[in-house]
Amino acid sequence: MAITIKDIAKEAGVSFQAVSAALNDTPGIRLSPEKREMIREIAARLGYRRNFGYNLMHNKPTNTAAIVISTPFMAQEERNRTLSLLLMERFHEMQIATYFFDRMTQSPEENLKHIRELLGRGVEAFIFIGCPIGHLEIQKELKKFHRTMVSFDGSSFERNLRHNASAARKEIISILREKVGEKFKVLLLEGARSPFFPNALQELYPDSDIEDIWQQKVIYMPKISWEGDLAAMLFTNAYTAVEKLLKAEPEIRGFCFSNDAQALGAAAYLSTHGFTIGKDVFVAGFNADLSVRMQTAPIITAALPYSKVVDILIRESYSKEAFSDEIKWDVIYGNTMLRSMSEK
């Protein structure tokens, strides 16, 4: 049974009006500081918690946070689901109620409406994974209502924790070069050219023009639909691309992809066509998805140090101080940590 003000009053030997005055810092009530403190201690010992609706109506702390996935695509990525679950577990340990919201859209008006709905539910702190459409208006709205926020991988927000994917990509490609020399290719979806691969390749080939390196090392795979089972489509996409690539360039022995679903598709093709992964050929992905970690065939990938990310995001979600920082990935080969980028 929930503890009430009357229970506290009975334990303290005072009126329930006195308890209300002590817990709500009501001015003008004759109550000594010592008595107020005694009442608060009794309330804490008995486990008294204010009614959520009361707190919301009276602009009191609600101990409520929101984790917002900024795009439908990001909501499908295992790393973002894993991070969200770990954040919710930590908030639960802290006795903070948490909303998980993964229905942001391509409409800035709709997204702002969603944030206003969360504000109406009493959310005090926001963690954004990625940067939603209309982020400037969202940021303005949160400031207007004196809410705190931090983003992960949402560089357009003022308070943001970045991740250095370029350094991890460089490390992965370096490992492929150690294994197969120049007999490797980077396989990307058609039209994909995030800064991570160009930056990594430019650092690895500092004396070459990036466009020349791009033409030599990058193979484009056909575009896919982002609707439906994304992981399955990426798997099939890479399976077919490796088959086509080896027919054109049978000497290739290293295959680098932007995610683990594609790496698994490549590994499936290679394994069923007489290659031994980790010996004859080498495959690299990104994100350290569970399916890759459980593979018997060793795949090179990169993993976020989730505990560090969670620690920082939880801490910063309730702060208004200026904040910008960067987290580094760990590079993994099969189930073995090869290099911790944070130790570099």
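This report walks through a predicted model of a protein chain, from the overall fold to a few individual residues.

## The chain as a whole

Let's start with the big picture. The chain contains 15 helices and 13 strands. Of its 344 residues, 47% count as buried. The accessible surface amounts to about 17600 Å², and carbon and sulfur atoms account for 52% of that area.

How do contacts relate to the order of the sequence? Among contacts with a separation of 6 or more, 66% join residues that are 24 or more positions apart.

## The largest pocket

A good place to look next is the largest pocket, which holds about 1000 Å³ of space. Its lining is made up of 40 residues. Nearest the centre of the pocket are Phe73, Glu77, Arg79, Arg169 and Ser258.

Which elements supply at least two residues each to this lining? They are the helices α5 (72–76), α6 (78–93), α9 (165–180), α10 (196–204), α12 and α13, together with the strands β5 (160–164) and β6 (184–189).

## Charges over rings

Arg169, one of the residues nearest the centre of the largest pocket, also has a ring partner. The charged end of Arg169 sits over the ring of Phe286, at 3.8 Å from the ring centre. A second arrangement of this kind involves a lysine: Lys217 lies over the face of Phe184, 4.2 Å from the centre of that ring.

## Aromatic pairs

Rings also meet one another here, and the structure holds 4 aromatic pairs. One of them is formed by Tyr239 and Tyr269. The two rings are edge-to-face, with 5.3 Å from centre to centre and 90° between their planes. Tyr239 belongs to helix α12 (residues 230–248) and Tyr269 to helix α13 (residues 260–271), so this pair ties together parts that are 30 residues apart in sequence. Both α12 and α13 also contribute to the lining of the largest pocket.

Are these two tyrosines buried or exposed? Tyr269 counts as buried because its relative accessibility is 8%, under the 20% cut-off. Tyr239 has a relative accessible area of 27%, between the 20% and 50% cut-offs, so it is partly exposed. Elsewhere in the chain, Phe126, Phe128 and Phe157 form one aromatic cluster.

## Leu112 and its neighbours

Leu112 offers a view of how a single side chain fits in. Leu112 is placed in helix α7 (residues 108–120), and it counts as buried because its relative accessibility of 11% is under 20%.

Which residues does Leu112 touch, leaving aside those up to four places away in sequence? Its contacts are Glu137, Ile138 and Glu141. As for His135, its C-alpha is 8.4 Å from that of Leu112, while the two residues are 23 apart in sequence.

## Two loop residues with positive phi

Finally, two residues other than glycine have a positive phi angle. His146 has phi near 60° and is found in the loop between α8 (135–144) and β4 (148–152). With a relative accessible area of 61%, over the 50% cut-off, His146 is exposed.

The other is Asp153, whose phi is near 65°. Asp153 lies in the loop between β4 and β5. Its relative accessible area is 28%, so Asp153 counts as partly exposed, between the cut-offs of 20% and 50%.

Conventions:
Residues are numbered from 1 along each chain as its sequence is written. This is a predicted model: local features need pLDDT of at least 70, side-chain atom pairs count only at pLDDT 80 or more; totals for chains, interfaces and linings use all residues. Side-chain values use heavy atoms; hydrogens and water are left out. Helices (H or I, at least four residues) and strands (E, at least two) are DSSP runs, numbered from the N terminus. Buried means under 20% relative accessible area, exposed over 50%, partly exposed in between (1.4 Å probe, protein chains only). Contact means heavy atoms within 4.5 Å. Accessible areas come from the Shrake-Rupley method with a 1.4 Å probe; for residues, only the protein chains shown count as cover. Rings of Phe, Tyr and Trp (its six-membered ring) pair if their centres lie within 6.5 Å; planes under 30 degrees apart count as stacked, over 60 as edge-to-face and the rest as tilted. A charge sits over a ring if NZ of Lys or CZ of Arg is within 6 Å of the ring centre and within 35 degrees of the ring normal. On a 1 Å grid over the protein atoms alone, a cavity is a set of points where a 1.4 Å probe fits but cannot get out, and a pocket is an open set with protein on both sides within 12 Å along at least five of seven lines; lining residues have an atom within 4 Å of a point. Grid points are joined across faces, edges and corners, and a volume is the space filled by probe spheres set on the points.
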